[in-house]
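Dear colleague,

I am handing over the structure we spoke about, with the sequence alongside. Please open both before reading on, as my notes come after them.

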Amino acid sequence: MNRSAPVSSRLPEFTWDTLDAAATLAAAHPEGMINLSMGTPVDPVPEVIRQALADASDAPGYPLTAGTPALRAAIAAWVSRACGAGVDGLGVLPTIGSKELVAWLPTLLGIGPGDVVVVPSVAYPTYEDGARLAGATVVRTDSLTSVGPTSRVRLVWVNSPGNPTGRVLPAAHLRKVVDWARERGAVVASDECYLPLGWSAEPVSVLSPQVSGGSYDGVLALHSLSKRSNLAGYRAGFVAGDPALVAELLKVRKHAGMIVPAPVQAAMVAALQDERHADEQRERYRARREVLAAAFTGAGFTVEHSEAGLYLWLTRDEDCWQTVDWLARRGILVAAGVFYGPSANRHVRVALTETDEHVAAVAGRLADA
């Protein structure tokens with residue numbers, strides 16, 4: 001009996017599993033391991049959000065895949081404030097975090113074998129994973145002119161502020177991408193989960209009129225409350241943009257049971273309507289960023305890009321695994337640049353998501369190096 005290859009065979013080894021040896025080395029440090037490899041929030045979930053979740057916990061019925069009217073209104077209002085978008089003609093839809101939609105978007109859009117998905121040359125691995133799950137061909141490039149005249153491009157990913165680099169793409173660049181994709185009938189999916197975290201540059205949403213031209217045709221923006229509101233454990237995200245595309249996503253997701261739980265929907269409303277906690281969290285990250293940037297620079301690292309987002313993009317101009325090993329011997333675990341693309345093999349990514357105590361300890365260990 002012939003059996004088709006398992007779906008997992010389309011995918012590479014899970015990124016973080018390749019750090020196991022370095023994690024073991026870092027854990028052997030006399031003062032323990034400090035994990036800067038993942039952007040996992042460590043600060044408390046704000047009380048206003050926890051209370052909203054608790055108040056909505058008596059939820060015996062099925063939730064709405066489209067989101068409650070209150071949630072849809074809260075998403076639209078936040079997008080209007082944060083992205084400069086108009087709410088007229090804007091489609092919105094809650095998602096089970098942002099990674100789920102990143103991974104399944106090509107499949108949900110009907111993209112498959114023979115189609116091309118364009119991703120940045122240095123990028124979050126799940127963009128490529130999602131294309132592989134759909135059976136599509138991946139092209140890594142930062143210049144769409146290198147793609148050529150092919151009409152096979154169905155989806156173009158952009159990510160600003162970028163993960164892992166922290167690079168902010170100018171509005172003019174994003175507008176060129178949108179125009180290029182529209183000419184070819186392709187969708188632009190903009191991963192904007194770090195949009196509220198601009199440091200030395202101000203990120204621009206693909207939904208902004210200066211990028212979209214006032215039309216949401218062929219454009220989707222993906223957002224997450226994981227970083228802004230410390231809700232990684234809630235799996236709370238959403239997509240906004242082209243109402244026809246959002247309607248298609250909703251139709252498929254209703255069949256597939258891709259539904260945000262009702263208590264989480266209520267918590268999302270509270271999170272989106274409250275900017276105070278988001279401002280406080282942003283300042284925590286700003287302070288940690290300053291300490292870590294000074295510490296790594298003082299230890300001989302060069303910080304590249306990193307003008308926004310939740311990471312520092314660092315190099316010692318050596319193979320990234322040498323850098324990972326050097327830091328692991330000091331009890332500091334970081335992400336290897338090659339996780340994000342072959343051209344990033346001389347960089348490492350450092351997350352700002354550790355406690356103030358651990359961030360100070362990193363500075364101390366590097367000072368002793």
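What follows is an account of one helix, its surroundings, and a few residues elsewhere.

Please keep in mind throughout that this is a predicted model. I began with helix 3, which runs over residues 69-83 and, with its 15 residues, reaches 20 Å from its first C-alpha to its last, close to the 21 Å expected at 1.5 Å a residue. Just after helix 3 comes G84, which takes a positive phi of about 70 degrees.

The buried residues of helix 3 are L71, A74, I75, A76, W78, V79 and C83. In reading such a list it helps to recall that an α-helix has 3.6 residues a turn, so residues three or four places apart point the same way. What covers these buried residues includes strand 2 (91-96), strand 7 (219-224) and strand 8 (236-241), together with helix 9 (262-273).

Helix 9 deserves a closer look as a partner of helix 3. The two helices pack at an angle of about 30 degrees, with their axes 9 Å apart. Because angles under 35 degrees count as roughly parallel, helix 3 and helix 9 are described as roughly parallel to each other. Helix 3 passes helix 9 in a left-handed crossing, and the contact is made by A70, L71, A74, I75, W78 and R81 on the side of helix 3, and by Q265, M268, V269, L272 and Q273 on the side of helix 9.

Two of the helix 9 residues can be followed further. Q273, found in helix 9, is exposed, with a relative accessible area of 61%; its C-alpha atom is separated by 7.5 Å from that of W78, although Q273 and W78 are 195 residues apart along the chain. L272, leaving aside residues up to four places away in sequence, touches L71, A74, I75, W78, R81, L225, R228 and F238.

L272 also appears in the largest nonpolar core, where, of the 47 residues, V79, V153, V206, L207, M268 and L272 touch the most other members. The elements that give two or more residues to this core are helix 3, strand 3 (116-119), strand 5 (153-159), helix 6 (171-184), strand 7, strand 8 and helix 9. Apart from it lies another core, of 40 residues, among them L19, I34, Y194 and F296.

Lastly, E128 lies in helix 5 (residues 125-134). Is E128 buried or exposed? With a relative accessible area of 17%, E128 is buried, and, not counting residues up to four places away in sequence, E128 touches V119, V138 and R140.

With best wishes

Terms used
Residues numbered from 1 in each chain as written. Predicted model: local features only at pLDDT ≥ 70, side-chain atom pairs only at ≥ 80, totals over all residues. Heavy atoms only, no water. Helix = DSSP H or I, 4+ residues; strand = E, 2+ residues; numbered from the N terminus. Expected span 1.5 Å × (residues − 1). Buried < 20%, exposed > 50% of the residue type's maximum accessible area, 1.4 Å probe, protein only. Contact = heavy atoms within 4.5 Å. Core = buried A, V, L, I, M, F, W, Y, C linked by side-chain atoms within 4.5 Å. Axes fitted to C-alpha atoms, helices over the stretch in contact; angles between N-to-C directions. Parallel < 35°, antiparallel > 145°, perpendicular 65-115°, else oblique. Left-handed = near helix turned anticlockwise from the far one by under 90°.
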